[in-house]
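Good morning, and thank you for joining this short presentation. I would ask you to keep the structure on the screen in view while I speak.

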Amino acid sequence: MSETSASAKQQQSSREKFIASANKGKILANKCTKCGHLVLETVFFCEKCAANKFEPVELGGTGTVVTYTIQAVAPEGFEDAGSYAWVVFKVDNSQLRVSGFLGGIKKPADLPIGSKVKVNGFSPKYGLLIEKLAK
Ligand SMILES: [Zn+2]
């Protein structure tokens, strides 16, 4: 097996692990083993301390809405989704910001900034699926 295909295989499996975590309502991140800095993507060097060792950590999938974009008219291929929002939320107990898909959002009043949301799965079509938590 060549190095290229080995690395592609590793990327594939980290994506599969991320999806498996999302389907359990969690977010899989990488933690720097030296300083504890969390990153979502696979990186080679920690941006805080330049160490190059990371370990996977599963974060609870809850967070707070930071910003979002409402798509009232679904683009081609998304017609079945109705109106929805692409939401960026800050994951609880971390500095990580993650974006996800939240259906049923028609107007800003449906999703005030600061709303609590949680991961509730992963769709091959829409990516990370999230739901709004009742206050
Ligand atoms: Zn670090």
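**Charged pairs, a small sheet and a core**

Asp-92, with a relative accessible area of 21%, is partly exposed, because the buried class ends at under 20%. I should state at once that this is a predicted model. The side chain of Asp-92 forms a salt bridge with that of Lys-116, at 3.1 Å from N to O. Asp-92 sits in the loop between strand 5 and strand 6 and Lys-116 belongs to strand 7, so the pair ties together parts that are 24 residues apart in sequence. Lys-116 counts as partly exposed, because its relative accessibility is 30%.

How many salt bridges are there by this rule? The count is five. Side chains of opposite charge can pair when their charged atoms come close. Another of these pairs joins Asp-110 and Lys-107, with an N to O distance of 3.1 Å. Lys-107 has a relative accessible area of 46% and is therefore partly exposed.

A further salt bridge links the side chains of Lys-31 and Glu-55, at 3.9 Å from N to O. This pair connects distant parts of the chain, with Lys-31 in strand 1 and Glu-55 in strand 3, 24 residues apart. Lys-31 is partly exposed at 28% relative accessibility, and Glu-55 is partly exposed with a relative accessible area of 33%. Glu-55 is also the bridge partner of Lys-31 in strand 3.

That brings me to the sheet. Three strands form an open sheet in the order 2-1-3, with antiparallel pairing. Strand 2 and strand 3 are the edge strands, each pairing on one side only. Between strand 1 and strand 3, the antiparallel pairing runs over seven bridges.

Just before strand 3 (54-60) comes Lys-53, in the loop that follows strand 2 (38-39). Is Lys-53 buried or exposed? Lys-53 counts as exposed, because its relative accessibility is 54% and the exposed class begins at over 50%. Leaving aside neighbours within four places in sequence, Lys-53 contacts Lys-31, Cys-32 and Thr-33. The C-alpha atoms of Lys-53 and Lys-34 are separated by 7.5 Å, although the two residues are 19 apart along the chain.

Among those contacts, Cys-32 is buried, at a relative accessible area of 1%. Cys-49, by contrast, counts as partly exposed at 25% relative accessibility. A search of the whole structure finds zero disulfides.

I turn last to the interior. In soluble globular proteins, nonpolar side chains tend to be buried together. Here the largest nonpolar core has 24 residues, and those with the most contacts inside it are Ile-27, Leu-59, Val-87 and Phe-89. Several elements supply at least two residues each, including helix 1 (3-23), strand 1 (26-32), strand 3 and strand 4 (62-71). Strand 5 gives the most, with four residues. Why does this core lie between domain 1 (3-59) and domain 2 (61-132)? Both domains give residues to the core, so the core lies between them.

Leu-59 offers a closer view of this region. Not counting residues up to four places away in sequence, Leu-59 touches Lys-26, Ile-27, Ala-29, Leu-38, Val-91, Ser-94 and Leu-96. Ile-27, named in that list, is likewise one of the core residues with the most contacts.

Definitions and conventions. Residues are numbered from 1 along each chain as its sequence is written. This is a predicted model: local features need pLDDT of at least 70, side-chain atom pairs count only at pLDDT 80 or more; totals for chains, interfaces and linings use all residues. Side-chain values use heavy atoms; hydrogens and water are left out. Buried means under 20% relative accessible area, exposed over 50%, partly exposed in between (1.4 Å probe, protein chains only). Contact means heavy atoms within 4.5 Å. A disulfide is a pair of cysteine sulfur atoms within 2.5 Å. A nonpolar core is a set of buried Ala, Val, Leu, Ile, Met, Phe, Trp, Tyr and Cys residues joined through side-chain atoms within 4.5 Å. Domain bounds come from an automatic or database domain assignment. Two strands pair if DSSP finds at least two bridges between them. A salt bridge is a side-chain nitrogen of Lys or Arg within 4 Å of a carboxyl oxygen of Asp or Glu.
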